[in-house]
Amino acid sequence: MLLALVLTITAIIFLILIMKLEVEINITQKNKDFEGKVRLYLLFRLIRYTISIPAIDMDKETPSLVFKEKGEGTGPETEKKTKLSVFDLVRSFQKFRDFLKDVKGFYIITEKFLSKVTVSKLKWHSWLGTGDAAGTGQTSGLLWSVKGSLTGFLSRYMQLSSLPSMEVYPQFQHFMFATVFRCMVSFRIGYAILAGIKVLLHRKKIKKRQRTTLNHQHGRNLHV
């Protein structure tokens, strides 16, 4: 009985580790109208979970970003607003930068994980107009550069199963901004778990080394 239970649990864990997680990102924006969804699929899409991407706008009173998230359910539609100040963004960036300094092998771990990620679909079409022909041309060129950099990054670090569809349509006659972004990536859950464990172990090792160094320095100061 115990052996059967152990074998069953082992088989379940093994199936979870080799199971593929599909992540589908859909973003549509036309001027101020925004809609974004992230859909997660498991077990050949038998299990599905949807996450709404909040719309981002600038707060007119304070130097903050406003995230607008629409609630979904059986009742009336609700809208939740969350403010994130520029100072919060700076502090978050500093914490992330410190994290990268602590985890020396972070880049290697991330690169190895990304090499296991497959991009099966990528479409990014944009319509852009600034109201001025020269400004539209310059901004369109910059957007093309961003899309080219993204394509280069994906082709270098991930597996592309199909060619990305990237387009920029300049609108010289009027002001507008619209974009359609569709992306589908997949990876085995075991690779993600393994990468997370490596990051945690590496960071723990760095912190232990830092504590040992501080203790040695403190001990030398006491004998001075």
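Here is a chat about helix 3, some aromatic pairs and the first strands of a predicted model.

Student: Hi! Which residues of helix 3 are buried?

Tutor: In this predicted model, helix 3 covers residues 106-114, and its buried residues are Phe-106, Ile-109, Phe-113 and Leu-114.

Student: And how do they sit around the helix axis?

Tutor: Looking down the axis of helix 3, you find the buried residues within an arc of 130 degrees, so they line one face of the helix.

Student: What does the face turned away from the buried side carry?

Tutor: That face of helix 3 has the exposed residues Tyr-107, Ile-108 and Lys-112.

Student: Switching to rings: how many aromatic pairs are there?

Tutor: The count is four aromatic pairs. One of them is formed by Phe-113 and Phe-187, which meet edge-to-face at 5.4 Å centre to centre, with 75 degrees between the planes.

Student: Which parts does that pair tie together?

Tutor: Phe-113 belongs to helix 3 and Phe-187 to strand 10 (residues 175-188), so the pair ties together parts that are 74 residues apart in sequence.

Student: Why does Phe-113 count as buried?

Tutor: Because its relative accessibility is 19%, and the cut-off for buried is under 20%. Phe-187 is buried too, with a relative accessible area of 14%.

Student: What about Trp-124 and Phe-181, how are their rings arranged?

Tutor: Trp-124 and Phe-181 are also an edge-to-face pair, at 5.8 Å centre to centre and 85 degrees between the planes. Trp-124 is in strand 7 (residues 118-130) and Phe-181 in strand 10, so this pair links distant parts of the chain, 57 residues apart.

Student: Are those two buried or exposed?

Tutor: Trp-124 is buried, at 16% relative accessible area. Phe-181 is buried as well, at 16% relative accessibility.

Student: New topic: how do strand 1 and strand 2 run?

Tutor: Strand 1 (residues 20-30) and strand 2 (residues 33-42) run antiparallel, joined by nine bridges. Lys-30 stands opposite Asp-33 of strand 2.

Student: What's in the turn between them?

Tutor: The two strands form a hairpin with two residues in between, and Asn-31 in that turn has a positive phi of about 55 degrees.

Student: And how many bridges pair strand 2 with strand 3?

Tutor: Six bridges, again in the antiparallel sense, with strand 3 being residues 47-52. Val-38 has Ile-51 in strand 3 as its bridge partner. This hairpin has four residues between its strands, and Leu-43 in the turn has a positive phi of about 50 degrees.

Student: Last one: what lies over the face of Tyr-41?

Tutor: That's Arg-45, at 4.2 Å from the ring centre.

How values were computed. Residues numbered from 1 in each chain as written. Predicted model: local features only at pLDDT ≥ 70, side-chain atom pairs only at ≥ 80, totals over all residues. Heavy atoms only, no water. Buried < 20%, exposed > 50% of the residue type's maximum accessible area, 1.4 Å probe, protein only. Arc of directions from axis to C-beta. Phe/Tyr/Trp six-rings, centres within 6.5 Å; stacked < 30°, edge-to-face > 60°. Lys NZ or Arg CZ within 6 Å of the ring centre and 35° of its normal. Pairing = 2+ DSSP bridges.
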